[in-house]
Amino acid sequence: MRIAVLADIHANREALDAVREAVDAEAPDAIVIAGDIVGYGPDPAYAVEIAAQYAASGAQIVLGNHDQAVRQEDRGMTKTAGDAIHWTRDQLSVEHRAFLAGLPLTVADEDRLYVHASADTPGRWHYVRDAQAAARSFDATGAHLIICGHTHVPAMFYARVGHPPVAFRPLDDQPAPLIATRRHLVVAGSVGQPRDGNPAACFALIDLEQQCVTMRRVPYDAETTARKVLAAGLPPALAMRLVSGR
């Protein structure tokens, strides 16, 4: 079984379309969207509609903090993120909002757990950036494989009984092993706003038969998206971030 995981789309139509084409070429058995369909970007309605199409075809989708903030103020957001959410609310229909409101915080599927942020109190939106945060996720669930987003930086953590997790930075487009004697946490990077210095869109391809994870990078026209951000009157920093990958 092969699973394509799309995290942190953030209303970036150009990145989403490029990733959709790459995912179609991979022909995975399942698709997961790991939260934050909206926020930051200039095309929230389009992103929600594509996510809804995926859901109608059987994709698993979890709620992200920006998705939640459409209907419920997130006091922990930066001013830039908050300004983008206030703009986003005016772009979404009742149907769009209802779709986001109906998303669950977590989805369990066999020995896998999908969540946007940490599996430890997922509605608090803690980041999994280091081994200590990964340990809290492992402690919160018995799932063998935890898959999340939220940090916008691809990462993996390996854990075995009686030992602290070990962090691993997977190389772009290179399979990283899933070891049978370990538990794993995979942070799937970001489709719409990468922050690892590479502006190319990212999605994770998980191959359960070959026991590996590949962080697929997909170049897209980030400059077009950046121009749309500015034209919409969204914070200029959001446009700069797209072209720098930071």
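**Two sheets and one aromatic pair**

I'll start with a sheet. Six strands make up an open sheet in the order β4-β5-β6-β10-β7-β8, and the pairing is mixed. At its edges are β4, residues 106–109, and β8, residues 166–168, each of which pairs on one side only. From one strand to the next, the twist averages 15 degrees. Please keep in mind that this is a predicted model.

Within that sheet, take β7 and β10. Strand β7 covers residues 155–159, strand β10 covers residues 183–187, and the two run antiparallel, joined by five bridges. To find the register on screen, look for Ala 155, which stands opposite Val 187 in β10. Helix α6, residues 131–140, packs on this sheet. The helix touches β6, which is residues 145–148, as well as β7 and β10. The direction of α6 makes about 120 degrees with that of β10.

Now the other sheet. This one is open too, with six strands in the order β3-β2-β1-β11-β12-β9 and mixed pairing. The edge strands here are β3, at 60–61, and β9, at 176–177, and each of them pairs on one side only. Strands β1, residues 2–6, and β2, residues 30–33, are parallel and share four bridges. Val 5 is the residue that stands opposite Val 32 in β2.

Two helices to point out on this sheet are α1 and α2. Helix α1, residues 13–26, packs on the sheet and touches β1, β2, β11 at 201–207 and β12 at 212–218. Its direction makes about 25 degrees with that of β11. Helix α2, residues 44–56, also packs on the sheet, in contact with β1, β2 and β3. For α2, the angle with the direction of β2 is about 140 degrees.

On to side chains. How many aromatic pairs does the count come to? The count is one aromatic pair. The partners are Tyr 158 and Phe 168, arranged edge-to-face, with 6.0 Å from centre to centre and 75 degrees between the planes. Tyr 158 belongs to strand β7 and Phe 168 to strand β8, 10 residues apart, so the pair links distant parts of the chain.

Is Tyr 158 buried or exposed? Tyr 158 counts as buried, because its relative accessibility is 11%, and the cut-off for buried is under 20%. Phe 168 has a relative accessible area of 34%, so it is partly exposed.

There are also charges over rings. Arg 13 lies over the face of Tyr 46, at 3.7 Å from the ring centre. Arg 129 has its charged end over the ring of Tyr 127, 4.0 Å from the centre of that ring.

Finally, the whole chain. The secondary structure comes to eight helices and 12 strands. The radius of gyration is 17 Å, close to the 18 Å that the globule rule gives for 246 residues, so the protein is as compact as a globular protein of that length. The C-alpha trace spans about 50 × 35 × 35 Å along its principal axes. Of the 246 residues, 57% count as buried. As for contacts between residues at least 6 apart in sequence, 71% of them join residues at least 24 apart.

Technical notes: Residues numbered from 1 in each chain as written. Predicted model: local features only at pLDDT ≥ 70, side-chain atom pairs only at ≥ 80, totals over all residues. Heavy atoms only, no water. Pairing = 2+ DSSP bridges. Axes fitted to C-alpha atoms, helices over the stretch in contact; angles between N-to-C directions. Contact = heavy atoms within 4.5 Å. Phe/Tyr/Trp six-rings, centres within 6.5 Å; stacked < 30°, edge-to-face > 60°. Buried < 20%, exposed > 50% of the residue type's maximum accessible area, 1.4 Å probe, protein only. Lys NZ or Arg CZ within 6 Å of the ring centre and 35° of its normal. Rg over C-alpha atoms; globule rule 2.2 N^0.38 Å.
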